[in-house]
Amino acid sequence: MIKAILIFNNHGKPRLIRFYQYFAEDMQQQIIRETFHLVSKRDDNVCNFLEGGSLIGGSDYKLIYRHYATLYFVFCVDSSESELGILDLIQVCCYFFKMLCRKKQMVFVETLDKCFENVCELDLIFHMDRVHYILQEVVMGGMVLETNMNEIVAQVEVQNRMEKSEGGLSAAPARAVSAVKNMNLPEIPRNINIGDINIKVPSLSPF
Amino acid sequence: MALKIVKGSIDRMFDKNLQDLVRGIRNHKEDEAKYISTCIDEIKQELKQDNIAVKANAVCKLTYLQMLGYDVSWAAFNIVEVMSSSKFTYKRIGYLAASQCFHESTDVIMLTTNQIRKDLSSPNQYDTGVALTGLSCFVTPDLARDLANDIMTLMSHTKPYIRKKAVLIMYKVFLKYPESLRPAFPRLKEKLEDPDPGVQSAAVNVICELARRNPKNYLSLAPLFFKLMTSSTNNWVLIKIIKLFGALTPLEPRLGKKLIEPLTNLIHSTSAMSLLYECVNTVIAGQYWFSLCVQKLRILIEDSDQNLKYLGLLAMSKILKTHPKSVQSHKDLILQCLDDKDESIRLRALDLLYGMVSKKNLMEIVKKLMLHVDKAEGTTYRDELLTKIIDICSQSNYQYITNFEWYISILVELTRLEGTRHGHLIASQMLDVAIRVKAIRVFAVAQMATLLDNAHLLTGNMQRNGICEVLYAAAWICGEFSEHLENPMQTLEAMLRPKVATLPGHIQAVYVQNAAKLFATILKSQEGNTDSTAAQDTSQLMIDRLPLFVQSANLEVQERASCILQLVKYIQKLQQKDVEVAEEVNALFAGELNPVAPKAQKKVPVPEGLDLDAWINEPPSESESEDEQPKAIFAKEEPKHSRPRHTEVDEKELARRREARKQEQANNPFYIKASPSSQKVLSIFLKSCLVLCPTGLPMSDQYVKLEEERRQKERAEKKKKEKKKRKEKRSGRGKKHDSGPESEEDITPAHQVDIVTEEMPENALPSDDDDKDPNDPHKALDIDLDKPLADSEKLPVRSHRAAEAAKSPAEDGETENATSLEPKKKSSKEKREKKKDKDRDRKVMVKCWIHHWDCKSSKHKKKKQKKEKEEKEKKKKKKHHHHHHHSDGGGEESVQNGTVEEEEPLPVSLSHRLINPQVVYDIQGNLQDGSQVVVSVIFENKCDSFLKSMEFNVLDSLNSKLQRPEGSGPHDGLTVPFQLPPGVSNEARFVFTVQSIVMPQKLKGTLTFIVKVDSSTHEKLDFKLHFTCTSYLITTPCYSDAFAKLLESGDLKGSSVRLEGVNMPFHHLLARICFHHHFSIVERIDSCASMYSRSIQGHHVCLLVKTSGQTVSIDAKCDEPTLLGNVLDEIKQTFSQC
């Protein structure tokens, strides 16, 4: 089971939080702070597993995280999840968010081209809801729902199309709606084969 | 109205959307909180509007604010409103917000039940999907109960997208509503073989999650998973399955052997490291080829990739639990990992150390760790080190410690750690050692006295660190074992320093209490001297210093201090009169305290006849505050310890003090104990009493040296002895005797340590489940899934008359409840109840039970001559036995309301051995397929020998055929997929195809099997299956309007029957019909009721039951007259037997 998914930036500002077990708001913030504290003091070339988050979980739980440029992606999981599998899953999620913003970059944020690394974060900031919707197709109620990329993209796309046909939430950001929809499918690996992704993350050049 | 809408949309143009909000927050970095509070005000305004789009926008923003830590529960109702919007866009926002901030105590969740149900059955699969996703985050026990059935239906939805979500959410439902597990399990199992890989993966996921907590219940699924493992290519699924096998193999050793081959294949073929790692892990769990695994793991650990190194160590620690030896050979590697720059890896290596220590290397390892403690930055790692040191040393009752002085000095050294959270841990170790190792007390007391003297070093920054906890232990030890103190006066003074008042309250309390103990000891020693002034001075010291504590803000300290102050004042008065008080004061603290195991209280068996749940007094009225009651009880329970009492001290005071003392002991993990065995003289090997030196050479090192010396000496002595022996034996020979590396046994502990075990109550109940958390939700899911659904879970099943009579009132209650509903009062709860009934009916269709005692058991041809004799001898016995059985069966018949067939006259002469496999079966119509009937047969082996190779065969009739696997002939039997050890029963299911269901049928069948006693013999058991017409009926609820329409349509043909002399209340009668013949009550008015049922092929059966006196008339209508006739016959038979 995944107990929580936290995404925050290098300063500990939450960009997305998703708890699969209830914690009150102040507790959630405390967990984020604690997790940030634990994760941020670690070098980039150490392992991606971390024990000892005392607030969340307990001995059975561990934190599995990745650090991409300005963002930390942290999954809190128990022993029923495969450590390396979750690492790959994080990469998959990142892939999605990256796709999400690369498209947009072409559409309306060309200036951000220079600081591409930052795009990912900006995108998360402004479209938290969308990121949640993508995440919902990957993880549901703490369990991994789908790992087939094509399937995930297809489902997200259909739902966004539905939203568009309903006129969207408001007219103004309609241009953003198509972001996920326009994802270039051939660019996405057909299926997440855990073996294909190089798990030696630290040596992997980000993006 | 139109104006309002226009106005609303104009307003909307100026509303902020989520992006605007985020931008705004980023632009107001200085006054973020203020900005957000204005935003929240705006949102509140927006939520007041009627326009759902505005509301949705507001809720979307709230979701963002929730992430930032703002409580948005006040908007819960608005979130529900947005959830119930018909537009997908808004619905999605609503569910997202709900999933982020709803939880079990959110009260509006109650309102969502119907909305969610509606969404679940929405024609749009994404509405359903969104609802399922949301529900997975905030499902409550109520929601789980109410929606379980809907979700179960969704598990067979046509769209795989819905199926997989429904399957996955079932896990959450099980957790909240464990009763749903058994009914839902067959379908979940089905989904393991779903054509869609996503659904399959979801099902694997759920079952693995369930099986992880209660593996033994899922052993029967092993073959299925085995098949999946060899066929699946999805690594996620494979990993899950392999992990599951890891949990199963320890329970079923044969499984491990079977797994070796596929796992080896996977290990060699896969390129995915994650999969490989899990394979290795599972192999470890199966406890096979350890050396190979350990080799592999060593490669992982030596890898430059930190992740692999970490995982390698993690897996290593699993091996350690079972095979410490194979890990110990890699000690070098693990010690090397201790120096790794990565904290996670160091922690894992530390874990491993635990299993590598021996008497020989304990000191060395701990020394290394102490070095790490000094070097360690970051308190977490240092704390971890500290706990590990203590763990390692104290493991298995201090098994590896040879020198307790060394250990105490290590503990004292650890107190120099700044900012550790584990002061209490050190303290409890000190207490434990001092109490349980009697020989060390002198040394411990000396050390503790020094600690107390140097308390200022510890408390320098005490408020923020927990190390001052050790003072608690120090004070207690000094007080309790004060007779060992060299200079009690100095210690007493140290304990009464004004600075003590800055310590935390509970420590001060111990200080005060133990100061009193010390005082008592000092008095005793001083009264021995003729100089009475010294004693009076001591009292004066107490009287001078104690008022400081009397003023304490801490109640406990205050109370103890003032009591002791009064006591000392009284003593002083007596002293001035030259009365000897020392003995009496000492008596206050006399007596040994025994260490009691922490679990001891729990283990005391409840005496017979004592009902702990019964009220002692009348239950208090509502108005009384609840927490007063238990207090009152405890006060009465005040223990009656017999300790010397002294009249001069107020009785109450004494009692209170004892209470305080008890309290204090309760805070101590251990009490002292005098064990008779400890009376023997202990050889204390104390060379010199070292004084704690806070600076300079760490003193534990000295002990290491001392210990080395000691061992050397011992070795030398031993050698000498040996030499002597040898000399005695073979004079002069055997000169060459190298004292190579000493082996474990050679090292004798310095103290002949007598470690006192903790006391347990007499006749304590042994129980293993001490450590299980009673609140663990998974405990409720520990449900045997192989058992056929029990009576209570499905429709009550008739078995014996007595049982039935007992059951019917409850059942009546239910039916009454369902029928006597006043139309207006259809509260949701009642509806739910009805729904539940319905669920149960649908899930489980019990047709009939026939207890079929073995009627004919004829021996197969291959009878061995040898046995014939035996057989004959047994015959007499057998006859008797058989007869007995027969009467048993007879008793059964009367109950079975017509479904029992007459047994063929039994050829009693049969050479019947003591083999009584009992066949019980249950026929279930299959709702999905109108021509299929599932017969669940329970085989029970009632004899003492092993039954195997069972084959089940039924002689097909034109109408009914047993479904056999493809390729087998029409007369081949089906192999029963299990063997039966003696006394075991198991269930197998057989599917029959039935063409016409209008007539009841009997099918003849045989069961052949091999009995294994000394040699195997074939045996045969004949039986009959009775397919009654009732068994083709399925309880289907029907509403009165639909029922009326059905009757009006005129397609149904009527028939009627009269039952005379039925002597039972009407509702019993109805319950019986519902129960035995699968009808549901549509409506009931007074003594008249309409009932409905449907056959698996869709025939409607309607009944109108009227009663007057003892006569019951049933008018029935059905579109198939033959079926109706037969059903009525069966009903008649049911009642003719009452």
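**Close-ups of an aromatic cluster and the A–B interface**

**Figure 1. Phe8(A), Phe36(A), Tyr65(A) and Tyr72(A) come together as one aromatic cluster.** Keep in mind that this is a predicted model. Phe8(A) shows up in two of the views below, paired with Phe36(A) in one and with Tyr72(A) in the other. If you scan the whole structure, over all chains, you get 16 aromatic pairs.

**Figure 2. Phe8(A) and Phe36(A) meet edge-to-face.** The ring centres sit 5.7 Å from each other, and the planes make an angle of 85 degrees. Phe8(A) belongs to strand β1 (residues 2–9) of chain A and Phe36(A) to helix α1 of chain A, so this pair ties together parts that are 28 residues apart in sequence. Are these two side chains buried or exposed? Phe8(A) has a relative accessibility of 1%, so it counts as buried. Phe36(A), with a relative accessible area of 18%, is buried as well.

**Figure 3. Phe8(A) also pairs with Tyr72(A), this time in a tilted arrangement.** Here the centre-to-centre distance is 5.8 Å, with 40 degrees between the planes. Tyr72(A) sits in strand β5 (residues 71–77) of chain A while Phe8(A) lies in strand β1 of chain A, so the contact ties together parts that are 64 residues apart in sequence. Both Phe8(A) and Tyr72(A) are buried.

**Figure 4. Chain A meets chain B through 70 residues of chain A and 80 residues of chain B.** How much area is buried between the two chains? The value comes to about 6,700 Å², and carbon and sulfur atoms give 56% of that. On the polar side, 33 residue pairs are in polar contact between chain A and chain B, counting those with both residues at pLDDT 80 or more. Sorted by class, the side of chain A that touches chain B has 31 nonpolar, 20 polar and 19 charged residues.

**Figure 5. A salt bridge joins Lys13(A) to Glu32(B) across the interface.** The side chains meet at 3.7 Å, N to O. Between chain A and chain B, the count is nine salt bridges. Which parts of chain A supply at least two residues each to the side that touches chain B? Among them are β2 (14–19), α1 (25–40), α2 (83–107), α3 (116–126) and α5 (149–165). The largest share of that side comes from α5(A), with seven residues.

Conventions. Residues numbered from 1 in each chain as written. Chains lettered and ligands numbered in written order. Heavy atoms only, no water. Contact = heavy atoms within 4.5 Å. Buried area = accessible area lost by both parts, 1.4 Å probe. Salt bridge = Lys/Arg side-chain N within 4 Å of Asp/Glu carboxyl O. Polar contact = N/O pair within 3.5 Å; in protein donor to acceptor, adjacent residues only side chain to side chain. Helix = DSSP H or I, 4+ residues; strand = E, 2+ residues; numbered from the N terminus. Nonpolar A, V, L, I, M, F, W, Y, C, P; charged D, E, K, R; others polar. Phe/Tyr/Trp six-rings, centres within 6.5 Å; stacked < 30°, edge-to-face > 60°. Buried < 20%, exposed > 50% of the residue type's maximum accessible area, 1.4 Å probe, protein only.
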